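Colleague: I'm new to this and would love some help reading a structure. Could we start with aromatic rings?

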Amino acid sequence: MTLPSPDAPLKIGTRGSPLALAQAYETRQRLMTAFNLPEGAFEIVVIKTTGDRILDRPLKEIGGKGLFTREIEDDLLSGAIDIAVHSMKDMPVAQPDGLALTTYLPREDVRDAFVSLDGGKLADLREGAVVGTSSLRRKAQLLNYRPDLEIVEFRGNVQTRLKKLNDGVAEATFLAMAGLNRLAMDEVPRTAIEAEEMLPAVAQGCIGIEQRLGDDRMSEMLSAINDTLSTQRLAAERAFLGALDGSCETPIGGLATIDGDTLTLRGEILRVDGSEVLSDEQTCSVADGAKLGVEMARKLRSQADDDFFSWLN
């Protein structure tokens, strides 16, 4: 295997937000450590995506979260970059022909964070309070918990969303604990919401690395930094997601945990207005995680009325 060097650096593709860059830097550092390489042996290539350019409309109206990956994947297919680094909760289950998600870094905190400038908790919100979120999952979960709340569209990176709070667009919002931790934003007033109260998005808190199929050099390098536990957990969660609709802009929550050889999967689907939630929890061997994910999705689908999945249209 020919290792990258300052004269022939490995090109890492990423979005340009502070969080996306932090994830690319973590990937670079892990590869540097694994192969004893200098920083100059890697080049961070920032790619502007459609999802980054259009911030005034809900994602579902402009094509879903795949808009955060399409241009990056095009550059990966063309050879303009060698690998792509993604937030796994933004990744649809199906990859373009010729590409594969082969590597997951150790998972961060999976929980959602409730963010309010006064440092209050979700339970402290006044009746009729305005809460900002762009996530259909969070919107549905919140309305199921507190149907009196007013939900407004709230897109942008961490810094943009905090500015919107300061501007009075909403009284509170949600972020991922993983993102705040990776950005070391200890100053942000937040309260972690336990998964028992708000089930996180499938694959939340995990960084995934995408490569071209048949690129043996990249496969060998990436295998050195792949986290087995994250891979096993995401196999179950993403199988659950894929058997439902395969995207990531719908009201679906899922979380797998592992204890020894036993995997526990929790999953839920919700109506967008929060009026109904269907959930399940089962255990199996770690090796059967993906199979359980599919079975759980089918079970929840069988319990839903014909119009339950109107958000897929």
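Modeller: Sure! Keep in mind that this is a predicted model. A search of the whole structure turns up one aromatic pair.

Colleague: How do I describe a pair like that, by what distance and what angle?

Modeller: You give the distance of the centres and the angle of the planes. Here the ring centres of Phe114 and Phe174 are 5.8 Å apart and their planes sit at 65°; over 60 degrees counts as edge-to-face, so that's what this pair is.

Colleague: Where in the chain are Phe114 and Phe174?

Modeller: Phe114 is in strand 5 (residues 112-115) and Phe174 is in strand 8 (residues 172-176). They're 60 residues apart, so to speak, distant parts of the chain linked by the pair.

Colleague: Is Phe114 buried or exposed? And Phe174?

Modeller: Buried means under 20% relative accessible area. Phe114 counts as buried because its relative accessibility is 1%, and Phe174 is buried too, at 0%.

Colleague: Which charged end sits over the ring of Phe154?

Modeller: That's the one of Lys164, 5.3 Å from the ring's centre.

Colleague: And what about helices, which residues point the same way?

Modeller: An α-helix has 3.6 residues a turn, so residues three or four places apart point the same way. In helix 5 (residues 136-145), the buried residues include Arg138, Gln141 and Leu142. At the start of helix 5, a side-chain oxygen of Ser135 comes within 3.3 Å of the backbone nitrogen of Arg137.

Colleague: What does the side chain of Ser17 reach?

Modeller: The backbone nitrogen of Ala20, at 3.1 Å. Ser17 lies in the loop between strand 1 (10-14) and helix 1 (18-35), and with a relative accessible area of 15% it's buried.

Notes:
Residues numbered from 1 in each chain as written. Predicted model: local features only at pLDDT ≥ 70, side-chain atom pairs only at ≥ 80, totals over all residues. Heavy atoms only, no water. Helix = DSSP H or I, 4+ residues; strand = E, 2+ residues; numbered from the N terminus. Buried < 20%, exposed > 50% of the residue type's maximum accessible area, 1.4 Å probe, protein only. Polar contact = N/O pair within 3.5 Å; in protein donor to acceptor, adjacent residues only side chain to side chain. Phe/Tyr/Trp six-rings, centres within 6.5 Å; stacked < 30°, edge-to-face > 60°. Lys NZ or Arg CZ within 6 Å of the ring centre and 35° of its normal.
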